[in-house]
Amino acid sequence: MSNRDDVAQMSPGSFRESSQADRVFFVESGDGKDGKVKNIFVSTTAKGKLGVMVAGDGYTQTVENGDRFVVMLDGRRYEGVPGSPEYRVMEFERYAVRIETKEAQGVESRPYLLTVDELLADPTPPNMGEFAFRVGLPIAAINLALLAIPLSFVNPRAGTGHQSADGAADLPDVLEPAEHHAGLGFAGQAVAVECVVGPARHHVRAACDPVRMAYVFACAACLAESMIHERYIRREVALASLLVLASFLGLFGFFDLINELDNLGRGNYGLEHAVMYTVLTMPGRVYETLPIAVLIGGLYALTTLSRHSEITVLRASGVSTAQLLRLLARIGTPFVLLTFVTGEFIAPPAEKAAQELKLAARSQLLTSEFRSGFWIKDEHNFVNVGSVTPDGKLQQIRIFEFDDKRVLLSVSEAARAAYAPPEAGRCST
Amino acid sequence: LIFQRAALREFAGTALTVFVALFAIVLSTQLVRLLGQAAGGKVASEAVMALLGFGALRYLSVILSLTLFIAVLLAMSRTWRDSEMVVWFSTGVPLTAWIRPVLVFAVPMTVLVAVLSLYLAPWALNKSAEFRTA
């Protein structure tokens with residue numbers, strides 16, 4: 001962890017703030033190996049005075065006790081009180097600034113980071129909402145367990161056929177997809193043997209599955225060679241995989257949504273944005289979970305087939321293990337293609353749209369947020385914006401103008417500003 | 001108490017399978033995500049394992065609730081399908097008698113979920129937030 005601190009404290013091209021928010025660093029380019037850095041900009045505020053240091057060259061140095069310094073060479077220091085025209089200019093050959101190894105940003109306080117005692121001590125609506133969520137989870141757990149008792153009802157006499165379409169019986173049926181589809185899958189092909197087995201077929205199906213299937217396969221073999229069993233297994237595996245995928249997406253979508261709920265109320269970020277964001281990140285989730293879903297779905301479908309002795313029937317009707325493997329490879333290919341297409345063409349644009357939606361809704365216009373506000377480098381100028389309101393208004397702006405030799409030309413301040421897209425920002429003091 | 005023992009054994013077996021499956025899936029996707037972030041420099045590579053642990057603690061409460069529901073549902077729909085329920089009914093055990101073993105099974109899990117969601121999850125979130133900013 002420690003080496004990352006150092007890199008993070010002085011990473012080139014980005015602004016860094018010290019832990020007291022009184023000092024902001026910017027280093028344009030740096031080489032990690034010999035510690036040399038270029039174009040250093042340091043802004044300090046201490047006792048109401050504003051200090052700016054700029055230098056073209058410098059290096060980082062670590063002394064014995066572990067303190068790290070940025071040493072600036074041949075630079076200038078400007079010092080003055082904001083609002084007054086008097087500025088002192090000092091030129092220096094060597095100026096060392098200590099980099100604190102403390103973290104740059106403290107942990108932000110959000111309701112979900114507080115302990116229960118802290119939540120109850122400060123009963124604001126967000127805190128109470130978080131508290132209700134935490135208390136709700138165990139209550140939901142015990143309710144779900146009790147709810148499962150009536151939901152588990154399955155009429156054993158209904159067999160695997162699905163004439164029992166009453167609501168209570170549906171849920172366990174959904175959890176047993178392969179059996180469901182075993183029933184449906186054969187419904188079509190079983191027409192050929194309907195006249196033989198007779199109208200009582202639906203009720204005795206569970207009992208005489210292997211026998212009947214052997215019959216069907218015999219007929220199928222005569223009718224369409226090996227195509228029917230291939231179609232059947234393909235449908236079984238595909239349906240089981242898609243069902244597993246759907247339940248994964250449900251689970252992860254739920255987790256993602258919980259995550260996003262933490263961001264509610266930042267800017268205009270509302271529930272509809274959180275839901276939209278979760279939906280747009282779904283293709284990425286599909287890409288992540290599709291391989292596992294096909295594995296589990298395939299395992300499930302084949303286990304069901306073998307439990308119902310259907311694999312044995314297949315083997316008996318002359319399908320070798322190698323043929324079965326080739327068949328599974330053929331079934332897997334569309335999923336490979338689907339994963340590829342999702343990962344290459346669907347997920348990236350969707351992810352991008354999701355991030356844009358989030359940024360737009362949270363009105364985060366700029367890169368890094370410090371306690372001293374936003375910092376932007378615009379060619380030779382540095383701009384500090386104290387805060388940005390959700391409707392795009394800027395507050396407490398300070399602009400440091402430099403020429404190309406890093407000489408400070410002016411420091412402009414404004415209390416408010418608006419951002420006008422095509423032109424430059426209009427300032428009003 | 002053969003009935004209660006049989007029911008509990010059934011629940012525990014199913015719950016274990018369901019839990020292992022759900023937990024493994026959540027962990028592996030978390031790991032994929034964290035490795036992605038570590039490769040992008042958003043989190044330190046040394047912190048990935050710790051963050052994975054904190055993430056697991058965070059999701060454990062939801063996973064356990066789901067496990068509870070699915071385990072009871074699967075175990076009981078199996079007893080229905082295998083006509084075991086009919087046997088219990090004919091020996092004079094009504095459907096309401098199932099509430100007791102379900103509660104015996106669910107209450108310890110619920111206590112665990114409560115501890116996780118009230119105390120451990122916020123602690124884990126705090127820790128992982130610290131790890132991310134450090």
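Trainee: Before we start, what counts as a strand here, and when do two of them pair?
Mentor: A strand is a DSSP run of class E with at least two residues, numbered from the N terminus, and two strands pair if DSSP finds at least two bridges between them. Keep in mind as well that this is a predicted model.

Trainee: OK, so in which sense do β3 and β4 of chain A pair?
Mentor: Strand β3(A), residues 36–46, and strand β4(A), residues 49–62, run antiparallel and are joined over 10 bridges; within that pairing, A:F41 has A:V54 of β4(A) as its bridge partner.

Trainee: And which residue in that hairpin takes a positive phi?
Mentor: That is A:K47, with a phi near 50°, in a hairpin that has 2 residues between β3(A) and β4(A).

Trainee: What about β4 and β5, how many bridges there?
Mentor: β4(A) pairs in the antiparallel sense with β5(A), residues 68–80, over 12 bridges, and A:T60 stands opposite A:V70 of β5(A).

Trainee: Switching topic: how much area do chains B and A bury between them?
Mentor: They bury about 4300 Å², with 73% of that on carbon and sulfur atoms, and the contact involves 52 residues of chain B and 45 residues of chain A.

Trainee: Which residues form the salt bridge between the chains?
Mentor: The count between chain B and chain A is 1 salt bridge, and B:R33 forms it with A:D256, their closest N and O atoms lying 3.8 Å apart.

Trainee: Which element of chain B gives the most to that side?
Mentor: α4(B) does, with 19 residues, and by class the side of chain B that touches chain A has 34 nonpolar, 11 polar and 7 charged residues.

Key. Residues are numbered from 1 along each chain as its sequence is written. Chains are lettered from A and ligands numbered from 1 in the order in which they are written. This is a predicted model: local features need pLDDT of at least 70, side-chain atom pairs count only at pLDDT 80 or more; totals for chains, interfaces and linings use all residues. Side-chain values use heavy atoms; hydrogens and water are left out. Helices (H or I, at least four residues) and strands (E, at least two) are DSSP runs, numbered from the N terminus. Contact means heavy atoms within 4.5 Å. Buried area is the accessible area (1.4 Å probe) that two parts lose on being put together, summed over both. A salt bridge is a side-chain nitrogen of Lys or Arg within 4 Å of a carboxyl oxygen of Asp or Glu. Ala, Val, Leu, Ile, Met, Phe, Trp, Tyr, Cys and Pro count as nonpolar, Asp, Glu, Lys and Arg as charged, and the others, Gly among them, as polar.
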